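Reader: I would like to go through this model at the level of residues and contacts. Please keep the answers short and end each one on what I asked for.

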Amino acid sequence: MRKLLIFTSILEALLGVFLIIFPSTVLKILFDMEMTAAISAVSRLTGIVYICFGLACFPANDIPGEFINSPVIRAMFLYNILAAVYLGYIKFDSVFEGVLLLPAVILHVLVTFCFVYIIFIRKKSNTN
């Protein structure tokens, strides 16, 4: 669980950094979208939120198994489910055609499955 949290926390924080520094590039390769001043402002604010989310979810201690019931796990798990569904919806039911959109959907689905395995399957097998 710790490795998954570290991976997802760093990934989200990096996305935040890129949204702040290169909002037009990120939106172009993710959604094939052109930048406006309003979109740039919202993208940078979103980048700040992603950095904070990544830092908040980064595991702080080394005690194995302590993370399973934490709000951090629930937040990152729910985020990945909702991100996969929403990005999938955007990919298959709208005009966005960015190069990284489908890989982003796949990544969030895979991370969600990792959380499902660790939270529900592995935890259940450890209690038996």
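**Thr 112 and its surroundings**

Author: This is a predicted model. Thr 112 has its place in helix H5, which covers residues 101–127.

Reader: Is Thr 112 buried or exposed?

Author: Thr 112 has a relative accessible area of 11%. Buried means under 20%, so Thr 112 with its 11% is buried.

Reader: Which residues is Thr 112 in contact with, leaving aside its neighbours within four places in sequence?

Author: The side chain of Thr 112 has a polar atom 3.4 Å from the backbone nitrogen of Ile 81. With neighbours within four places in sequence left out, the contacts of Thr 112 are Phe 77, Asn 80 and Ile 81.

Reader: Where is Ser 9, and is it buried or exposed?

Author: Ser 9 sits in helix H1. Its relative accessibility is 1%. The limit for buried is under 20%, so Ser 9 in helix H1 counts as buried.

Reader: Which polar atom lies 2.7 Å from the side chain of Ser 9?

Author: The side chain of Ser 9 offers a polar atom for this pair. On the other side, at 2.7 Å, is the backbone oxygen of Leu 5.

Reader: Which residues touch Ser 9 beyond four places in sequence, and what separates its C-alpha atom from that of Cys 52?

Author: Outside its neighbours within four places, Ser 9 is in contact with Gly 54, Cys 57, Phe 58 and Met 76. Cys 52 is 43 residues away from Ser 9 along the chain. The C-alpha atoms of Ser 9 and Cys 52 are separated by 9.5 Å.

Reader: How many disulfides are there?

Author: A disulfide is a covalent bond between the sulfur atoms of two cysteines. Cys 57 is buried at 4% relative accessibility, and Cys 114 is partly exposed at 37%. A search of the whole structure gives a disulfide count of 0.

Reader: How many salt bridges does the whole structure hold, and which residue pairs form them?

Author: Side chains of opposite charge can pair when their charged atoms come close. The search of the whole structure finds 3 salt bridges. Asp 32 meets Lys 28 at 3.0 Å, N to O, and Glu 34 has its closest atom pair with Lys 28 at 2.8 Å. The remaining pair, at 3.4 Å, is Glu 97 and Lys 91.

Reader: Which residues do shared salt-bridge partners join into one network?

Author: Glu 97 and Lys 91 meet in a salt bridge. Salt bridges that share partners make one network of Lys 28, Asp 32 and Glu 34.

Reader: How do the residues with salt bridges rank as buried, partly exposed or exposed?

Author: Lys 28 has a relative accessible area of 36% and is partly exposed, as is Asp 32 at 41%. Glu 34 reaches 56% and counts as exposed. Glu 97 is partly exposed at 46%, whereas Lys 91, at 18%, counts as buried.

Reader: What is the phi of Asp 32?

Author: Asp 32 lies in the loop between H2 and helix H3, the latter spanning 37–57. Most residues other than glycine have a negative phi. Asp 32 is not glycine, yet its phi is positive, near 55°.

Reader: Which residues form the nonpolar patch on the surface, and what is their accessible area together?

Author: One of the members, Phe 22, lies in the loop between helix H1 (2–21) and helix H2 (23–31), and at 40% relative accessibility Phe 22 counts as partly exposed. The patch is made of Ile 10, Leu 14, Val 17, Phe 18, Ile 21, Phe 22 and Phe 58. Together they have an accessible area of about 610 Å².

Reader: How many helices and strands are in the chain, and what pattern does it follow?

Author: The chain has 5 helices and 0 strands. Along the sequence, the pattern reads α-α-α-α-α.

Reader: What share of the contacts in the chain with a separation of 6 or more is between residues 24 or more positions apart?

Author: The chain has 128 residues, and buried residues make up 35% of them. For contacts with a separation of 6 or more, the share from residues 24 or more positions apart is 74%.

Reader: What part of the accessible surface belongs to carbon and sulfur atoms?

Author: The accessible surface of the chain is about 7900 Å². The part that belongs to carbon and sulfur atoms is 75%.

Conventions: Residues numbered from 1 in each chain as written. Predicted model: local features only at pLDDT ≥ 70, side-chain atom pairs only at ≥ 80, totals over all residues. Heavy atoms only, no water. Disulfide = S-S within 2.5 Å. Buried < 20%, exposed > 50% of the residue type's maximum accessible area, 1.4 Å probe, protein only. Patch = residues over 30% accessible without salt bridge, like charges linked within 9 Å, V, L, I, M, F, W, Y side chains within 5 Å. Areas by Shrake-Rupley, 256 points an atom, 1.4 Å probe, with all protein chains shown as cover. Salt bridge = Lys/Arg side-chain N within 4 Å of Asp/Glu carboxyl O. Helix = DSSP H or I, 4+ residues; strand = E, 2+ residues; numbered from the N terminus. Polar contact = N/O pair within 3.5 Å; in protein donor to acceptor, adjacent residues only side chain to side chain. Contact = heavy atoms within 4.5 Å.
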